[in-house]
Amino acid sequence: MDHNKTPLFSALRRHAEQNPLQFHIPGHKKGMGSDPEFREFIGDNALSIDLINIAPLDDLHQPTGVIEQSQKLAADAFGADYTFFSVQGTSNAIMTMIMSVCGPGEKIIVPRNVHKSVMAAIILSGARPVFISPARDGNLGIDHGITTRSVRRALDKHPDAKAVLVINPTYYGICANLKEIVELVHSYDVPVLVDEAHGVLIHFHEKLPMSAMQAGADMAATSVHKLGGSMTQSSVLNVRAGRVNPTRIQTIISMLTTTSTSYILLASLDTSRRHLALNGHEMAERAIELAQYVRAEVNTIKDLYSFGEDILGGEATYDYDPTKVTIHVRHLGITGYEAENWLRDRYNLEVEMSDMYNILCLITTGDTQETAEKLIHALRTMSDEFHSKGEVKELVVKIPEIPHLALTPRDAFYEDTEVIPFKESAGRIIAEFIYVYPPGIPILLPGEVISQENIDYIVDHVEVGLPVKGPEDRTIQFVKVIADEEAIF
């Protein structure tokens, strides 16, 4: 296919150049009705293509024209049979994957450290999650992916599962042997869904891990906006036909998608696909080289460490994406949160994320030698300031056992509830989420039975000031549980 073409973006430009008289939404009408300061800042070119699904521009909900052509080009670029554009992020694509294969009461095998969109889809679909614990890294204090052995055990115990979901790569860039997992799951005639939110570049370079489509997965939700150059909130859902139904996928994604689809976001997907298809290998090569340079320099700085190929060799650490530079800061006597704030305050430098022991810096196709040097200089200064001054705390990664699931998350979410003191909630069924950072694994999900071990673990984290997220009461003094029903005599 001719990847120089951008069917949708070209159609938008032609439409704007014709300057039609508009009596349709959006009401700003090419910026004339916009706030003047915003219009001046954002520019008339952008406002001129902020349009709706009029006939010449096709309709994302039932594409037959330029959007359909753009999606076919994207499928070719990503090695998929079908590609669906999402203007509501990868969250929307993940929810579509799950809801297109799972119905009420049906099982889906998922890692415990899933994105919250997975749990949203499980609640909406009424599916019953079967959780697999991810492999934990006792040296870095982070979680990797799930292993082939753990997937096999889950399938042997739950052969009626409707799908297996895999995160590839993880937020930190680590991959298990995805091809091996896919082949195993397919031997049970079960589809594989991949959360590929952090893996758009891996399609385009042999030095990067294998992509979901290359591994033979059935569906993959891929964030083009995260690392592929499109605008925030624009993603794709790549599909391999056979075990999943593309027609049903179109129906589900349409159900979940706004009817006021953003043509600016769609155009950025169309053009980013072109850029990746034509130049992705070269772009990825530059990013890899720059990231490896940063990694090598970090490892010369006192009390800082960034893993590379040395982390490989385990079942959960089969491969890694070097463009994700994880920097372990514990030996400076500070937390990752403190490092993130220090870099922001002192150098106006923002990292992707931080946890108890690490910060994560993404080196992308938008970086240069200059930006890399500024990061390295800031890290050297940070090391000089904190080296040998703070207490180096022991690394602890201790997670309670996965609780018993007494109700499906959907049933728990919609049940009658009451609010009780959290410290008195042992034995009750929780009706909300509680996540603890690090490492970000949900400790309690709707429908699970609260144990005293869960309570002690969460209270310990709250008392030392670590982030605990999810419940409506942010102080975690109270928790929402399924209401007890009084017996009727």
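How many of the 11 residues of helix H5 are buried? The count is 10, so helix H5, residues 89–99, is largely enclosed by the rest of the structure. Keep in mind that this is a predicted model.

Let me list the buried positions of H5. They start with Gly89 and Thr90. Then come Asn92, Ala93, Ile94 and Met95. Thr96, Met97, Ile98 and Met99 complete the set.

Next, a contact across the sequence. Alanine 372 sits in helix H14, which covers residues 369–386. Alanine 372 is buried, at 2% relative accessible area. Its partner here is alanine 291, 81 residues away along the chain. The two C-alpha atoms are separated by 8.2 Å.

On to salt bridges. The whole structure has 19 of them. I will take three pairs and one network.

Pair one is arginine 112 with glutamate 448, at 2.7 Å from N to O. Arginine 112 belongs to the loop between strand E2 (107–111) and helix H6 (116–125), and glutamate 448 to the loop between strand E17 (442–444) and H16, so this bridge ties together parts that are 336 residues apart in sequence. Are these two side chains' residues buried or exposed? Arginine 112 is buried, with a relative accessible area of 2%. Glutamate 448 is buried too, with a value of 0%.

Pair two is aspartate 143 with arginine 136. Here the N to O distance is 3.6 Å. Aspartate 143 is buried, at 6% relative accessibility. Arginine 136 is partly exposed, at 36%.

Pair three joins arginine 149 and glutamate 315. Their closest N and O atoms are 2.7 Å apart. Arginine 149 is in helix H7 (residues 148–157), while glutamate 315 is in the loop between helix H12 (263–298) and strand E11 (319–320), so the pair ties together parts 166 residues apart in sequence. Arginine 149 is exposed, with 55% relative accessible area. Glutamate 315 counts as partly exposed, at 25%.

Now the network. Glu340, Arg344 and Glu350 are joined into one by salt bridges that share partners.

Cysteines next. How many disulfides does the structure hold? The number is 0. Take cysteine 175. The closest cysteine sulfur to its own is in cysteine 361, 19 Å away, so that is too far for a bond. The cut-off for a disulfide is 2.5 Å between sulfur atoms. Cysteine 361 is likewise in no disulfide, and its nearest cysteine sulfur is that of cysteine 175. As for exposure, cysteine 175 is buried at 2% relative accessibility. Cysteine 361 is buried at 6%.

Last, the surface. Which residues form the negative patch? They are Glu401, Glu453, Asp456, Asp460 and Glu463. Glutamate 453 lies in helix H16, residues 452–463. Glutamate 453 is partly exposed, with a relative accessible area of 42%.

There is also a nonpolar patch. Phe38, Phe41 and Ile42 make it, and its area is about 360 Å². Phenylalanine 38 is in helix H2, which spans residues 36–42. At 45% relative accessibility, phenylalanine 38 counts as partly exposed.

To recap: helix H5 has 10 of its 11 residues buried. The arginine 112 and glutamate 448 bridge ties parts 336 residues apart in sequence. And there are 0 disulfides.

Key. Residues are numbered from 1 along each chain as its sequence is written. This is a predicted model: local features need pLDDT of at least 70, side-chain atom pairs count only at pLDDT 80 or more; totals for chains, interfaces and linings use all residues. Side-chain values use heavy atoms; hydrogens and water are left out. Patches are made of residues with over 30% relative accessible area and no salt bridge: like charges are joined within 9 Å, nonpolar side chains (Val, Leu, Ile, Met, Phe, Trp, Tyr) within 5 Å. Accessible areas come from the Shrake-Rupley method with a 1.4 Å probe; for residues, only the protein chains shown count as cover. A salt bridge is a side-chain nitrogen of Lys or Arg within 4 Å of a carboxyl oxygen of Asp or Glu. Lys and Arg count as positive and Asp and Glu as negative; His and the chain ends are not counted. The place of a charge is taken as NZ of Lys, CZ of Arg, CG of Asp or CD of Glu. Helices (H or I, at least four residues) and strands (E, at least two) are DSSP runs, numbered from the N terminus. Buried means under 20% relative accessible area, exposed over 50%, partly exposed in between (1.4 Å probe, protein chains only).
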